[in-house]
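Visitor: I am new to this structure. Please take one part and look at it closely, then lead me on from there.

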Amino acid sequence: MSLADDLYRETILDHYHNPRNHGIIDNPSAKVEGVNPLCGDELTLYLTVENGTVVDVKLEAKGCSINTASGSMMTEAVVGKSVDEATDIINKFKSMMLDKNQSELDLPEEMEDLEALQGVKKYPVRIKCALLPWNTLIEGLESVGQQK
Ligand code: ZN
């Protein structure tokens with residue numbers, strides 16, 4: 001195992017053991033549930049959007065290490081961003097995970113931890129684990145958009 005793999009694994013385990021923004025939000029702008037039946041991952045995402053900015057995201061997750069770590073990293077990447085910026089980050093992450101040819105990505109600084117999840121691409125079944133929080137967030141952002 002290479003040094004990079006070790007660092008990646010450490011980053012993922014750190015987010016798994018200490019998930020950021022874990023919990024619930026009272027009176028969120030949107031509450032969305034996501035399920036990945038292939039692995040048994042389940043999560044509830046709470047989202048607060050004010051004046052076009054993602055003010056807060058919290059996750060209650062009962063999933064595997066990849067699912068939990070990915071969700072934790074996602075909340076760090078999108079909280080404080082405008083809805084447009086957050087959508088851009090989501091799209092970048094999804095293309096990183098789904099494009100097999102893409103080895104290096106020009107990620108903004110707040111997304112550097114997310115590079116650790118690239119190792120998951122070697123295990124196609126686990127890609128769904130990594131993407132579940134992101135797809136759930138897209139649903140949340142869309143439902144907030146429709147309320148306007
Ligand atoms: Zn999983």
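Guide: Let us start with a term. A donor is an N, O or S atom within 2.8 Å of the metal, and water is not among the atoms, so a site may look incomplete. Keep in mind that this is a predicted model.

Now the part itself: the zinc site. Along the chain, the donors of the zinc ion follow the spacing C-x1-D-x22-C-x64-C. Two of these residues link distant parts of the chain. C64 sits in the loop between β3 (53–62) and α2 (65–78). C129 belongs to helix α4, which covers residues 124–147. The two are 65 residues apart. Are C64 and C129 buried or exposed? Both C64 and C129 are buried.

Which atoms does the protein offer to the zinc ion? C39, C64 and C129 each give an SG atom. D41 is listed twice, each time with an OD atom. These donors lie 2.2 to 2.6 Å from the zinc ion.

D41 leads us to the strands. Residues 41–50 make up strand β2. How much of β2 is buried? Eight of its 10 residues are, so the strand is mostly covered, with buried meaning under 20% relative accessible area.

β2 has partners in β1 and β3. Take β1 to begin with. β1 and β2 run antiparallel and pair over seven bridges. One matched position puts A30 opposite L47 in β2. The two strands form a hairpin, with four residues between them. In that turn, G40 has a positive phi of about 95 degrees.

Next comes β3. It also pairs with β2 in the antiparallel sense, over nine bridges. V49 stands opposite V54 in β3. E50 has T53 as its bridge partner in β3. β2 and β3 form a hairpin too, with two residues between them. N51 lies in the turn, and its phi is positive, about 50 degrees. A general point helps when you view such strands. In a regular strand, side chains alternate between the two faces of the sheet.

Let us move to the charged side chains. How many salt bridges are there? The count comes to five. Three residues, D14, R20 and E76, are linked in a network of salt bridges. R20 pairs with D14, and their closest N and O atoms are 2.8 Å apart. R20 also meets E76 in a salt bridge, at 3.6 Å from N to O. Why does this second pair tie together separate parts of the chain? E76 is in helix α2, while R20 is in the loop between α1 (3–17) and β1 (30–36), so the pair joins parts 56 residues apart in sequence.

How exposed are the members of this network? R20 has a relative accessible area of 23% and is partly exposed. D14 is partly exposed as well, at 34%. E76 is partly exposed at 38%.

Another salt bridge joins D88 and K92, at 3.7 Å from N to O. Both lie in helix α3 (residues 83–98). They are four residues apart, so about one helical turn separates them. D88 is partly exposed, with 41% relative accessibility. K92 is partly exposed too, at 30%.

Stay with α3 for the aromatic rings. The count comes to one aromatic pair. The rings of F93 and W134 have centres 4.1 Å apart and planes at 20 degrees, so this pair is stacked. F93 lies in helix α3 and W134 in helix α4, so the contact ties together parts that are 41 residues apart in sequence. F93 is buried, and W134 is buried too. α4 is also the helix that holds C129, back at the zinc site.

One last stop: empty space. The largest pocket has a volume of about 350 Å³. It is lined by 14 residues. Those closest to its centre are R9, I12, G119, V120 and Y123. Which element gives the largest share of the lining? That is α1, with five residues. α1 and α2 each supply at least two residues of the lining.

Note on methods. Residues are numbered from 1 along each chain as its sequence is written. This is a predicted model: local features need pLDDT of at least 70, side-chain atom pairs count only at pLDDT 80 or more; totals for chains, interfaces and linings use all residues. Side-chain values use heavy atoms; hydrogens and water are left out. Donors are N, O and S atoms within 2.8 Å of the metal (3.2 Å for Na, K and Ca); water is not among the atoms, so sites may look incomplete. Buried means under 20% relative accessible area, exposed over 50%, partly exposed in between (1.4 Å probe, protein chains only). A salt bridge is a side-chain nitrogen of Lys or Arg within 4 Å of a carboxyl oxygen of Asp or Glu. Two strands pair if DSSP finds at least two bridges between them. Rings of Phe, Tyr and Trp (its six-membered ring) pair if their centres lie within 6.5 Å; planes under 30 degrees apart count as stacked, over 60 as edge-to-face and the rest as tilted. On a 1 Å grid over the protein atoms alone, a cavity is a set of points where a 1.4 Å probe fits but cannot get out, and a pocket is an open set with protein on both sides within 12 Å along at least five of seven lines; lining residues have an atom within 4 Å of a point. Grid points are joined across faces, edges and corners, and a volume is the space filled by probe spheres set on the points.
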